[in-house]
Amino acid sequence: MEQNAKPAKKWLVPALLVVVILLLAVVLVVVLTRGREPADIPDNGTPKIAYAEGVTAVEDPDALQKAVNEMYAKAAEGTVALEYKNDAFSTDGTNFSCYIANSVDNKYDMYLQIFADQELTDQLLLTGLVRPGSAFDNITLEHALDPGTHRVYVAYTQVEEDLETIHAQVFVTMDFHVTE
Amino acid sequence: MNFKKIMSTVLGSTLALSMAATAFAADTDLEQSTEITGTTQTPTISISVPSTGDVILNPYKMSVDVSEDQDGSALVTNQIISAPAYIKNKTDVALSISATVTGKVAGEAVFATASTQSGKAVTTKSAFVYLEVIDAGAGDDADAAEPTTALTDASWKAYDAKAANQILLAAKAVNKANMLTVPAVADSSSSFIAYRLAGDAASSPTKAWTSADTVSATIAFTFTPTVQAAGN
């Protein structure tokens, strides 16, 4: 009896090892291939479940409050001081006597742009930089205005120290008068 | 008779001489005429204008605190939220204020011409936005940054198409003249003009609002020196 039992045990151990190795190989294959291909759900009218495209991160629930706080902070920031006479006069439609200043209350240099239309497409003048405390008392437009009174749109643009970054911009109107 | 003739001649000559002298004097006066040169002094407008401004669309009426101290004392659910902006005025004559407002939309937002909150439900992403300009009163002194008396909700009014101081925004330039007249400011003083955007927005459009749907505006003010009517 004892002589028959020994050969049976010798065969069983390698067999178990082979089974274990095979199981490990199957598990490994399943783990490595998982997620590479979507599950093949039969298309029988049931919507396929998939990840949506174009979504972004969840927004901050306090986004509105933050936006409002930033808005109020910006509103409290500095203003652009303007000093000018509302009316400018010309007899030829091109050369105007006027008074447009970069107020001494300002900290930044500024340049002026004057437009003939409210859509700001018809530029009449683009000046160089003016330091605070300096003013234009006459200007020459890029093209002449007809006789009459013209409401023009004046952009005051402040430039930071690097002379490239726009610090602030405001618009007011002026009345340009041309007499013959 | 001869004596009378002589006296008459003498007196006549004297009169003639005196008249001649007078006439001579008159000629001298003409040459000493004084020329008066006329000039007209026009006022310089002295104001400070805010350079930036934001407007926030809050179509779903989320609650937000707009109190300065963020202590929850001023919770609002306004659909159009903008911080009041102040124009500081130091001009020594009264000013008439006009404005040109050019609205701009982005995404699928559109400007509405009537309130979206009355009548039939609005299905487009419509925003009904108006600019309101008010006299905010005097500042403490010339260096003041805000008016002495703080504005409240009661300072602002609901939209009224007949109101002189309100402009409805559109996707084009809209002008309104003489919205407001503010008095002259004394030396070492200041006064303030306040403005803001307000209105409403469609609460349940067919397509939901997104952050890409926005409205904005460019405002160009006109300040015209004027004489304020007596009693104002």
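In chain B of this predicted model, 31% of the 232 residues are buried. The secondary structure of this chain consists of one helix and 13 strands. The order is easy to follow along the sequence, which reads α-β-β-β-β-β-β-β-β-β-β-β-β-β. Contacts within chain B often link distant parts of the sequence: of those with a separation of 6 or more, 78% are between residues 24 or more positions apart.

Turning to the meeting of the two chains, 32 residues of chain B are in contact with 28 residues of chain A. On the chain B side, two or more residues each come from β1 (45–50), β3 (64–65), β6 (85–89), β7 (94–106) and β13 (214–226) of chain B. Among these contributors, β13(B) gives the largest share, seven residues. By residue type, the side of chain B that touches chain A holds 16 nonpolar, 13 polar and three charged residues.

The two chains are also linked through strand pairing. Strand β1 of chain A, covering residues 79–84, is joined to β1(B) by six bridges, and the two strands run antiparallel. Within this part of the model, A:T79 is found opposite B:P50, a residue of β1(B).

A further feature to explore is the largest nonpolar core, which has 67 residues. In soluble globular proteins, nonpolar side chains tend to be buried together. The members of this core that touch the most other members are A:L82, A:V172, B:I80, B:I97, B:A99, B:A127 and B:L131, so named from both chain A and chain B. Strand β9 of chain B, residues 126–138, supplies the largest share of this core, with eight residues.

A good place to look more closely is B:L131. Leaving aside residues up to four places away in sequence, B:L131 touches B:A99, B:V101, B:Q166, B:I167, B:L169, B:Y195, B:L197 and B:I219. One of these partners, B:A99, is also listed with B:L131 among the core residues that touch the most other members.

Finally, the confidence of the prediction varies along chain A. The mean pLDDT of this chain is 83, and 79% of its residues score at least 70. Among the elements of chain A, strand β5 (residues 123–126) has the highest mean pLDDT, 97, whereas helix α1 (residues 2–33) has the lowest, 76. Over residues 37–43 of chain A, pLDDT stays under 50, and the model has one contact beyond four places in sequence for this stretch.

Key: Residues are numbered from 1 along each chain as its sequence is written. Chains are lettered from A and ligands numbered from 1 in the order in which they are written. This is a predicted model: local features need pLDDT of at least 70, side-chain atom pairs count only at pLDDT 80 or more; totals for chains, interfaces and linings use all residues. Helices (H or I, at least four residues) and strands (E, at least two) are DSSP runs, numbered from the N terminus. A residue is buried if 20 or more other C-beta atoms lie within 10 Å of its own, exposed if 12 or fewer, and partly exposed in between; C-beta atoms are placed from the backbone. Two residues are in contact if their C-beta atoms, placed from the backbone, lie within 7 Å. Ala, Val, Leu, Ile, Met, Phe, Trp, Tyr, Cys and Pro count as nonpolar, Asp, Glu, Lys and Arg as charged, and the others, Gly among them, as polar. Two strands pair if DSSP finds at least two bridges between them. A nonpolar core is a set of buried Ala, Val, Leu, Ile, Met, Phe, Trp, Tyr and Cys residues joined through C-beta atoms within 7 Å. pLDDT is the predictor's confidence in each residue, from 0 to 100.
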